[in-house]
Amino acid sequence: MNIKKLSKVIKQPEIYEKGDSVMWTDNHISKKLLEIHLNPEIDAASRTSRSIDKTIEFIEKYCKKSTMNILDLGCGPGIYTEQFAKKGHNVTGVDFSENSITYAKNQAEVKNLDIDYFCMDYLELNYENQFDLVILIYTDFGVLLPNERKRLLETAHNN
Ligand SMILES: C[S@@+](CC[C@H](N)C(=O)[O-])C[C@H]1O[C@@H](n2cnc3c(N)ncnc32)[C@H](O)[C@@H]1O
């Protein structure tokens, strides 16, 4: 990252100012983050494997449907999407980190899992009557602006 961009990124934002995607989309940073996502012992970027297993168990118990169409917003490298696909659900993952989506697509191919991945901003996603379950896991909702949260919830609810 060049110094001009860096100085812009580290500037303290105004309260409720729209954040920058650089943490997730910068090539260098996202490569390091991918390593952290994939470390099952570190509770950062993705949760530990123990927490992930418990979350999936909770979702399945709560949803009680053996085959669901699931949309995973901010799917990262596809840790949850893969587990849901292995359990027989139809899964779509969306993330704007090119590195994470490339990794996720490769893994799906290697593991012979039928998962649809899209590299895009989930705030620009429109869908209707497609999914039984929409998930957004690991604090992402908290960083959104109020109007973004509203639109995201409305889209998921009206789906
Ligand atoms: C904290 S990580 C969680 C990843 C995954 N849900 C997990 O728990 O393993 C947040 C993810 O959301 C993605 N993300 C954040 N904002 C996004 C947006 N507006 N559109 C698409 N992806 C986004 C990031 O690239 C990152 O992969």
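**Exercise 1. Charges.** In this predicted model, find how far apart the mean positions of the positive and negative charges of the protein lie.

*Solution.* Begin by counting the two kinds of charge, which gives 20 positive and 24 negative charges. Then take the mean position of each set and compare the two places, which are 3 Å apart.

**Exercise 2. Overall form.** Decide whether the radius of gyration of the protein agrees or disagrees with that of a compact globule.

*Solution.* First, note that the protein has 159 residues, for which a compact globule would have a radius of gyration near 15 Å. Next, take the value for the protein, 16 Å, which agrees with that expectation. As a further description, the C-alpha atoms fill a box of roughly 50 × 35 × 25 Å along the principal axes, and buried residues make up 36% of the 159 residues.

**Exercise 3. Order of elements.** Work out how many helices and strands the protein has, and in which pattern they follow along the sequence.

*Solution.* Counting the elements gives seven helices and four strands. Reading along the sequence then gives the pattern α-α-α-α-β-α-β-α-β-β-α.

**Exercise 4. Strand S1.** Explain why strand S1 (residues 69-73) can be called largely enclosed, and describe how S1 is joined to strand S2 (residues 90-95).

*Solution.* Start with burial, for which a residue must have under 20% relative accessible area. Four of the five residues of S1 are buried, so the strand is largely enclosed by the rest of the structure. Turn then to the pairing, where five bridges join S1 to S2 and the two strands run parallel. Finally, locate one position in this pairing: Asp 72 stands opposite Gly 93 in S2.

Technical notes:
Residues are numbered from 1 along each chain as its sequence is written. This is a predicted model: local features need pLDDT of at least 70, side-chain atom pairs count only at pLDDT 80 or more; totals for chains, interfaces and linings use all residues. Side-chain values use heavy atoms; hydrogens and water are left out. The radius of gyration is taken over C-alpha atoms; the globule rule is 2.2 Å times the number of residues to the power 0.38. Buried means under 20% relative accessible area, exposed over 50%, partly exposed in between (1.4 Å probe, protein chains only). Lys and Arg count as positive and Asp and Glu as negative; His and the chain ends are not counted. The place of a charge is taken as NZ of Lys, CZ of Arg, CG of Asp or CD of Glu. Two strands pair if DSSP finds at least two bridges between them.
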